[in-house]
Amino acid sequence: MLLGEGDTYATFKDMVFLARILILSRFNFYILSTSIYRISQIAYAIRHHNIKEAWVNMEYSVAAPICQLYCKKNNVKLINFMHGEKVVTSRDSFLIFDEYIVWNEHYRNLASSLIVKTNFIILNPWVKLREQLIDSEVATSKN
């Protein structure tokens with residue numbers, strides 16, 4: 001929902017931004033509707049929670065570069081978290097994020113080959129958790 005009853009999710013400035021997107025996308029309403037959905041979520045968070053970072057997992061979305069532009073205009077950093085297995089597909093190409101958190105170097109290289117413009121951060125909390133579990137099991141078995 002773009003406009004809420006008694007609570008505006010989008011301002012006039014947001015509507016002008018979305019109108020520009022509609023024109024730039026050559027009246028592609030799929031791109032516009034996807035962008036409205038994501039931008040309304042980000043706009044709500046900006047206005048009601050005064051966020052400085054938006055954490056998303058939308059590397060598959062056509063709205064990602066549009067949201068990045070919206071965030072940039074609103075001084076909000078757009079950070080994407082990798083989710084799911086990644087393979088070479090055009091769906092994940094030509095994305096822009098301020099930061100993109102990936103599981104390991106392989107996925108950084110894969111995203112780079114798909115022309116993703118971002119600052120990559122390699123972080124996999126499951127590896128550290130696995131090591132801690134193994135260490136605790138070894139310690140328990142020694143006792």
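**Close-up views of a predicted protein model**

**View 1. Ala63 and the residues around it.** Leaving aside residues up to four places away in sequence, Ala63 is in contact with Thr34, Ser35, Arg38 and Met58. The model shown here is predicted. Ala63 belongs to the loop that joins β3 (53-56) to α3 (64-73). The relative accessible area of Ala63 is 0%, and the residue is therefore buried, the limit being under 20%. One of its contacts, Ser35, is 28 residues away from Ala63 in sequence, while the two C-alpha atoms are 4.8 Å apart in space.

**View 2. Glu99 in strand β5.** Glu99 is a residue of strand β5, which covers residues 96-102. Which residues does Glu99 touch, not counting those up to four places away in sequence? They are Lys77, Leu78, Ile79 and Asn80, together with Thr118, Asn119 and Ile121. Is Glu99 buried or exposed? Its relative accessibility is 14%, so Glu99 counts as buried. Between Glu99 and Val116 there are 10 Å in space, C-alpha to C-alpha, and the two residues are 17 positions apart in sequence.

**View 3. Arg26 in the loop between α1 and α2.** Arg26 is placed in the loop between helix α1 (12-24) and helix α2 (29-49). Although Arg26 is not a glycine, its phi is positive, at about 60°. With a relative accessibility of 75%, Arg26 counts as exposed, because the limit for that class is over 50%.

**View 4. Ile115 in the loop between α4 and β6.** The loop between α4 (105-113) and β6 (117-122) contains Ile115. What is notable in the backbone of Ile115 is its phi, which is near 60°, a positive value in a residue other than glycine. The relative accessible area of Ile115 is 43%, so this residue is partly exposed.

**View 5. The protein chain as the setting of the close-ups.** Five helices and six strands make up the secondary structure of the protein chain. Starting at the N terminus, these elements follow the order β-β-α-α-β-α-β-β-α-β-α. Why is the chain described as more spread out than a compact globule? Its radius of gyration is 19 Å, well over the 15 Å given by the globule rule for 143 residues, so the chain is more spread out than such a globule. The C-alpha trace spans about 65 × 35 × 20 Å along its principal axes. Among contacts in the chain with a separation of 6 or more, 44% join residues 24 or more positions apart.

**View 6. Surface, charge and confidence of the protein chain.** Of the 143 residues in the chain, 38% count as buried. The exposed area is about 9,300 Å², of which carbon and sulfur atoms supply 59%. The chain carries 16 positive and 13 negative charges, and the mean positions of the two sets are 8 Å apart. The average pLDDT of the chain is 84, and 91% of the residues score at least 70. Over residues 1-6, by contrast, the pLDDT is below 50, and this stretch has eleven contacts in the model beyond near neighbours in sequence.

Definitions and conventions:
Residues numbered from 1 in each chain as written. Predicted model: local features only at pLDDT ≥ 70, side-chain atom pairs only at ≥ 80, totals over all residues. Heavy atoms only, no water. pLDDT = per-residue confidence, 0-100. Contact = heavy atoms within 4.5 Å. Helix = DSSP H or I, 4+ residues; strand = E, 2+ residues; numbered from the N terminus. Rg over C-alpha atoms; globule rule 2.2 N^0.38 Å. Buried < 20%, exposed > 50% of the residue type's maximum accessible area, 1.4 Å probe, protein only. Areas by Shrake-Rupley, 256 points an atom, 1.4 Å probe, with all protein chains shown as cover. Lys, Arg positive; Asp, Glu negative; His and termini not counted. Charge placed at Lys NZ, Arg CZ, Asp CG, Glu CD.
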